[in-house]
Amino acid sequence: MAYSQMGSQPAKLSTVKIANDLYMIHNDIVPGNTTVLVTDEGVLLVDDKFAVDHDNLVAEVKKITPKPIKYVISTHHHADHTGGNPAMQKMDVKVIASEQARQNMLDSKQPGQPDIAVEHHATVTLGGKVAEIYYFGRAHTNGDVVVLFPADRVLAAGDIFTFGDATPQLTDYSGGGSAKEWTTTLDGAMKLDFDNVVPGHGNLAKKADMKAFRDVTLKLRNTVHDLQAQKKSRTEISDVLKKDYKWGDLQFLVSLDGILAETR
Ligand SMILES: [Zn+2]
């Protein structure tokens with residue numbers, strides 16, 4: 001996979017404060033964002049970047065709090081979100097993911113497989129604070145979960161929502177993703193009560209930004225469907241995806257055949 005070629009060099013990390021007890025550890029485009037919930041009894045993370053980022057990620061958390069990391073919730077199986085899992089597990093951290101993400105990791109013998117798998121909904125309580133995990137269906141993969149921090153009204157969305165021009169919609173069909181079901185999955189997540197969103201990649205965003213992205217997921221598949229109905233060639237469709245939807249090499253590699261088949 002193209003993903004495995006990335007993450008050979010550590011990314012430059014920076015921390016953004018979202019609320020008194022909630023932070024985003026951010027970087028340029030790849031790897032994925034990390035969300036940090038700080039409690040008196042320890043720290044909960046959502047996603048832990050590539051393996052090569054582990055030491056810097058732990059150092060960044062230490063700047064926020066001396067408390068130990070207790071849980072990592074993996075939003076999906078991709079290595080730019082789960083690469084730190086094995087090193088975290090050596091630190092006695094418990095990794096939580098969806099049942100589908102766990103299966104994807106088992107199938108590909110990916111390291112850092114979850115200790116705990118969730119089917120639809122789970123609540124993690126740590127130091128009196130709550131993180132709620134929800135699975136709403138297929139989107140970027142077949143195993144994407146979102147994590148709600150109800151007290152701070154913040155959602156960690158994983159890659160079902162990426163923010164900014166450089167991070168167009170990417171459907172990993174080999175990982176069970178679906179451009180067609182993506183919109184409904186986002187509609188499920190949009191029903192949750194939150195104001196700010198940590199996207200899978202990109203800067204901290206508002207709920208309205210996620211709604212705009214949701215509308216793009218609908219427009220994208222309708223566009224591909226219409227172009228196919230008009231008997232446009234693969235090259236003509238690719239040109240539209242590149243120009244209007246900012247598709248890059250990775251999108252063409254992992255998403256094009258799948259979306260053509262799904263919207264035919
Ligand atoms: Zn991903």
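How many of the 14 residues of α8 are buried? In this predicted model, ten of them are buried, so the helix is largely enclosed by the rest of the structure. The following paragraphs begin with this helix and then turn to a neighbouring topic, the helix α5, before taking up the cavity and several individual residues.

Helix α8 runs from residue 249 to residue 262. Its span from the first C-alpha to the last is 20 Å, close to the 20 Å expected at 1.5 Å a residue. The helix nevertheless carries a kink of about 55°, and the centre of that kink is S255. S255 is itself one of the buried residues of α8. The others in the buried set are L250, Q251, F252, V254, L256, G258, I259, L260 and E262. The elements that cover these buried residues include α5 (179–190), α6 (207–229) and α7 (234–244).

The relation between α8 and α5 can also be read from the side of α5. Among the elements covering the buried residues of α5 are β10, α6 and α8. Helix α5 has twelve residues, and it reaches 17 Å from its first C-alpha to its last, close to the 16 Å expected at 1.5 Å a residue. Its buried residues are A179, W182, T183, T185, L186, G188, A189 and M190. Helix α6 thus appears in the cover of α8 and also in the cover of α5.

Beyond α5, the loop that leads to β12 contains D195. What is the relative accessible area of D195? The value is 38%, and D195 is therefore classed as partly exposed. Leaving out residues up to four places away in sequence, D195 touches R153, A205, K206 and K207. A more remote relation is that between D195 and K242: the two are 47 residues apart in sequence, and their C-alpha atoms are 31 Å apart in space.

One of the contacts of D195, R153, has a backbone feature of its own. Its phi is near 55°, a positive value in a residue other than glycine. R153 is placed in the loop between β10 (145–149) and β11, and it is partly exposed, with a relative accessible area of 31%. K109 also has a positive phi, of about 50°, although it is not a glycine. K109 belongs to the loop between α4 (99–107) and β7 (116–118). With a relative accessible area of 70%, K109 is exposed.

The strands β11 and β12 bring the account to the internal space of the model. Rolling a probe the size of a water molecule over the atoms shows where empty space is left. A search of the whole structure finds one cavity of 30 Å³ or more, and the volume of the largest cavity is about 40 Å³. Which residues line the largest cavity? They are N33, T35, V46, D47, A156, G158, V198, P199 and G200. Two or more residues of this lining come from each of β11 (154–158) and β12 (196–199). By character, the lining divides into four nonpolar residues, four polar residues and one charged residue.

T35, a member of that lining, lies in strand β3 (residues 34–39). Its relative accessibility is 1%, so T35 counts as buried. Its contacts, apart from neighbours within four places in sequence, are L22, Y23, L44, L45, V46, F149, A156 and V198. Of these contacts, V46, A156 and V198 also line the largest cavity. The C-alpha atoms of T35 and M24 are separated by 4.5 Å, and the two residues are eleven apart along the chain.

Is H76 buried or exposed? H76 is buried, with a relative accessible area of 0%. It is found in the loop between β5 (69–73) and α2 (79–82). Not counting residues up to four places away in sequence, H76 touches H81, T82, A101, H140, T141, G143, D144 and D159. H76 and M105 are 29 residues apart in sequence, with 9.4 Å between their C-alpha atoms.

K63, in helix α1 (residues 54–64), counts as exposed at 65% relative accessibility. The C-alpha atoms of K63 and T15, 48 residues apart along the chain, are separated by 9.3 Å.

Technical notes: Residues numbered from 1 in each chain as written. Predicted model: local features only at pLDDT ≥ 70, side-chain atom pairs only at ≥ 80, totals over all residues. Heavy atoms only, no water. Helix = DSSP H or I, 4+ residues; strand = E, 2+ residues; numbered from the N terminus. Expected span 1.5 Å × (residues − 1). Bend = angle between axes of the 7 residues up to and from the residue. Buried < 20%, exposed > 50% of the residue type's maximum accessible area, 1.4 Å probe, protein only. Contact = heavy atoms within 4.5 Å. 1 Å grid on protein atoms, 1.4 Å probe; cavity = no way out; pocket = protein on both sides within 12 Å on 5 of 7 lines; lining within 4 Å. Points joined across faces, edges and corners; volume = space filled by probe spheres on them. Nonpolar A, V, L, I, M, F, W, Y, C, P; charged D, E, K, R; others polar.
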